[in-house]
Each structure stands twice: as C-alpha cells, then as structure tokens.
Amino acid sequence: MKKTPTEEPYHLQQARAHLRLMRETAISLVSDALHDRGWTQKQAAQHLGVSQPRVSDLRRGLTHKFTLDTLIEMLFALDVPVSLTASTGAKWERSTRPRRDVGMAIGHYTRAIERDPQNASLYGWRAEAWMDDQQYEKALADYDRCIELEPGRPGWRSNRVNARRQAGQHEQALADCDEIAHLFPDYPITATRGLVLAVMGRHQEAIAQYNETIAAEPWRPGPYQNRAWSYQELGNTQAALADYRKVQELDPTSHIARQKVEELSTLGGQQSP
C-alpha cells in the first residue's frame, strides 16, 4: 500500500525541508542579482530565457514554483558562482532543523512582501525566519497577518501557537489551541497543545495529548520524543526509554534519540541496543 505524505519516513520529510531552504537561498540570490542589474522584467526574461510571469514569480519570492536546478542555472546565467559543499564525518548525525541564512531570508521575504502584500505565504515564511532569529514578537505579527489574509487556514494559527510558546505566552497559546479545536475540529492540534503543557510543567496533561496524537499518527517520531521528555520529567525512565527507542525505529538519523537511549539504558542497568 502506498504511504500518504504524512506517513513517509521522517528523515525524507526533513530532507525536503532542507531542500526548500536551499531553494529559498537560491531564489534570493537570483532576485538580488536581477535587482542589482536594474533590468526590467522583459530584459530579465530575455536574458534568462523565461517568460515575464516567471520573472514576476522570482521577484515575488514564490519559492515553491521553482526547482533547485532551475535556480542554479539562472545563477550561472547571471554570473553568480555556485558550488556544492557537504559535511562528512564518522558520525551519522543530522541537525534537528535545517540551517539558513536568517538575515538573507528576512530581507528576501520583506522585499517580496513589498511587491505582493496580500500573499499570506510570504508572511508565513518570513515568520519562520523571525523564529529562527528568536524575534518572536515579529513572528507573531506576521502570523497575525497570515490569519487575517487566510482565516480559513488552520496551519497559520497552529504556527502562532508555537510562536507564543517560545515567546513565553503560554496561556495565550493554550487559548489559541482551544480556538483551533473549536473552529477546525478535524485539525490535529493535540501534539502542539502537549508541547505547551509540557513547557508549563503540566506533564501528565501533556502525555495525555501525546497519547491522542500517537494513536492517530503512529508514524510520527516527534510525539514519541516529546512524550519521552515528559516521562523523564516525571521520573518514569522505562517509559521514556521505550519512547526513545521508538523514535530510533521511526527516524534512524536522530542522534538525540540515540544519545538518550544510551543514557537511559545505562541508568537502568541495561545494555544499549
């Protein structure tokens, strides 16, 4: 049976997240190079061998409309040097989040918003960059704008919950979760609510939320890892160890899970797998 996109291995989802940020960097470089030349859209289209609407998409920062190889070809055509580097080593590890040039991303999406101020996705992508830069109030302002532009899209509200959580606005985050559950009863919000409750030290309640998420989406490693942390905080080492092992099964690239399994196995007097 073919898996749905949400059921595919987590490390493949993360690979696509890395790829999107690479496209984000590339489209920003292309847009900047075109801006520096002062070309009209017609001149840019002729030089790149594309239509004027495609140049408009570039200038509006519509990353999802371009493949990475297309953007790299454009960079070469604009005499912007491109090279590929990769970090290799003995340890099989990956970062939990893709790295990005935050300043470049914020600048890119700010310019794109000036050109297309009704595009909610641009505010959402800039909010992600604000979050990476720990500028949570600015992220919240952008998510508010996303909700204003697309009130029927629950994902923006869920992202705002995470921004509120990291900004320390825990009660407001829980209120947002309740609002999402009321407005969009089919939208999965339990995992997000669990994270807020855990940060507030309400681990038993958080575990109940993770249980619901895991029952509905057993292929996701995140809820197991988050539940493991709450189990640890409550002193239930064996339950935490079982969850971290499940994370290893679902996401073999997780160095956090590997480290936790080694640590908890030692504490429990067991052999690491």
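These questions and answers cover a predicted model, its confidence, its helices and some of its residues.

Local features here need pLDDT of at least 70 and side-chain atom pairs count only at pLDDT 80 or more, while totals for chains, interfaces and linings use all residues. Residues are numbered from 1 along each chain as its sequence is written, and side-chain values use heavy atoms, with hydrogens and water left out.

Q: In which helix is confidence highest?
A: pLDDT is the predictor's confidence in each residue, from 0 to 100. The chain has a mean of 88, and 89% of its residues reach 70 or more. Helix α1 (residues 10-37) has the lowest confidence, at a mean of 83. The highest, at 98, is in helix α7 (residues 136-149).

Q: How many contacts beyond four places in sequence does the model have for residues 269-273?
A: Contact means heavy atoms within 4.5 Å. Over residues 269-273 the pLDDT stays under 50. The contacts of this stretch beyond four places in sequence number 13.

Q: How many helices does the chain have?
A: Helices (H or I, at least four residues) and strands (E, at least two) are DSSP runs, numbered from the N terminus. The strand count is zero. The helix count is 14.

Q: Is Asp116 buried or exposed?
A: Asp116 sits in the loop between α5 (102-115) and α6 (120-132). Leaving aside neighbours within four places in sequence, its contacts are Arg60 and Leu122. Buried means under 20% relative accessible area, exposed over 50%, partly exposed in between (1.4 Å probe, protein chains only). At 14% relative accessibility, Asp116 is therefore buried.

Q: Why is α6 largely enclosed by the rest of the structure?
A: Its buried residues include Trp125, Arg126 and Trp130. The helix has 13 residues. It is largely enclosed because the number of them that are buried is eleven.

Q: Which residue caps the N-terminal end of α6?
A: The cap uses a side-chain oxygen. That oxygen lies 3.0 Å from the backbone nitrogen of Ser121. The capping residue is Asn119.

Q: How far apart are the end C-alpha atoms of α6?
A: The expected span of a helix is 1.5 Å times one less than its number of residues. For the 13 residues of α6, that should be 18 Å. The model agrees, with its end C-alpha atoms apart by 19 Å.

Q: How many disulfides are counted?
A: A disulfide is a pair of cysteine sulfur atoms within 2.5 Å. Cys146 is buried, at 0% relative accessibility. Cys177 is buried too, with a relative accessible area of 0%. The disulfide count is zero.

Conventions. A polar contact is a pair of N or O atoms within 3.5 Å; within protein, one must be able to donate a hydrogen and the other to accept it, and residues adjacent in sequence count only if both atoms are side-chain atoms.
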